[in-house]
Each structure stands twice: as C-alpha cells, then as structure tokens.
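Here are some comments on the pockets and the nonpolar cores, set out as numbered points for a colleague who will look at the coordinates alongside them.

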Amino acid sequence: MKILIVEPKKPPYSKDISGTLEELQAVVGGHIQAIYPFDDPVALVCNEEGKLIGLPQNRLLCDKSGRAYDIVCGTFFLAGLGVEDFVSLTDDQIEQYSGYFGI
C-alpha cells in the first residue's frame, strides 16, 4: 500500500508498506487515529495521543477559506479509503497532498 508520510519540518514522501496495524502504528509512533479533513476518499492517520504526550507540532489543517482550525502533532500519513480499510493513494493524490503539506 502506497502512503504519504509527513514528518515535522520535513517534506512529505511516499512509501510502500504492507498495511498491518503494527506497521501503521510504527509510522505514527503509537495508537492510530484516522481523521477525514478532505472531500477526497483520503484518511489522515496520526498518533491519537500526539497532542497529549507533547509530540512536535507538524502541520496546520485549514478550512476551505484557508483558516487554520487544528494542528496535527507528530508524524502522520495519508492513505486512501477502501470499502472497509485503508488502500494505496493514487499518484495524483500523492502529488496533490505533497503540495498541500509541502514545506
């Protein structure tokens, strides 16, 4: 499964992973939480305790008018949404969200 990883203060990069729960948790450094801030079938997956345990601030989430409404702390990744689980991002989605979360 191809995902887009976004680490604090680094450009996003794509990576192929198997998609096991353990591997997903290893990417974010703990228990995963999926949020859905986009209209596309894409999940932003982060450490569910990132803010509580003081992980470094990473990227702002902005509404359609460009106003920030939240910040993601710690490393997160984007994955596509299948019927029942995460799936690979398309090449177009990798390009789109690399630009969105680029430095």
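**Notes on pockets and cores**

1. In the second largest pocket, the residues of the lining divide into seven nonpolar, three polar and four charged, and please keep in mind throughout that this is a predicted model. The volume of this second largest pocket comes to about 160 Å³, and its lining is made up of 14 residues, with Gln33, Cys46, Asn47, Lys51 and Ile71 lying nearest its centre.

2. As to where that lining comes from, strands β3 (32-35), β4 and β6 (68-73) each contribute at least two residues to the second largest pocket, and β6 accounts for the largest share, with four residues.

3. Asn47, one of the residues nearest the centre of the second largest pocket, belongs to strand β4, which covers residues 42-47. Is Asn47 buried or exposed? Its relative accessibility is 5%, and because buried means under 20%, Asn47 counts as buried.

4. The surroundings of Asn47 deserve a look in the viewer. Its side chain reaches the backbone oxygen of Val28 at 3.4 Å, and, when residues up to four places away in sequence are not counted, Asn47 touches Val28, Gly29, Gly30, His31, Ile53, Leu55 and Thr75.

5. Turning to the largest pocket, about 200 Å³ of space lies in it, and the residues lining it are Pro37, Phe38, Asp39, Cys62, Asp63, Lys64, Tyr69, Gln96, Tyr97 and Tyr100. Helix α2 (residues 91-100) provides the largest share of this lining, namely three residues, and by residue class the lining of the largest pocket divides into six nonpolar, one polar and three charged.

6. The largest nonpolar core has 14 residues, and those with the most contacts inside it are Leu44, Phe76, Leu78, Tyr97 and Phe101; Tyr97 also appears in the lining of the largest pocket. Two or more residues of this core are given by each of β1 (2-6), β4, β7 (76-81) and α2, while β4 gives the most, with three residues.

7. Which residues is Phe101 in contact with, leaving aside its neighbours within four places in sequence? They are Val6, Pro12, Phe38, Leu44, Arg59, Leu60, Leu61, Phe76 and Leu78, and among them Leu44, Phe76 and Leu78 are, like Phe101, listed with the most contacts inside the largest nonpolar core.

8. A second core, separate from the largest one, has ten residues and includes Ile3, Val27, Val28 and Ala79. Val28 is also the residue whose backbone oxygen the side chain of Asn47 reaches.

Methods: Residues numbered from 1 in each chain as written. Predicted model: local features only at pLDDT ≥ 70, side-chain atom pairs only at ≥ 80, totals over all residues. Heavy atoms only, no water. Buried < 20%, exposed > 50% of the residue type's maximum accessible area, 1.4 Å probe, protein only. Polar contact = N/O pair within 3.5 Å; in protein donor to acceptor, adjacent residues only side chain to side chain. Contact = heavy atoms within 4.5 Å. 1 Å grid on protein atoms, 1.4 Å probe; cavity = no way out; pocket = protein on both sides within 12 Å on 5 of 7 lines; lining within 4 Å. Points joined across faces, edges and corners; volume = space filled by probe spheres on them. Nonpolar A, V, L, I, M, F, W, Y, C, P; charged D, E, K, R; others polar. Core = buried A, V, L, I, M, F, W, Y, C linked by side-chain atoms within 4.5 Å.
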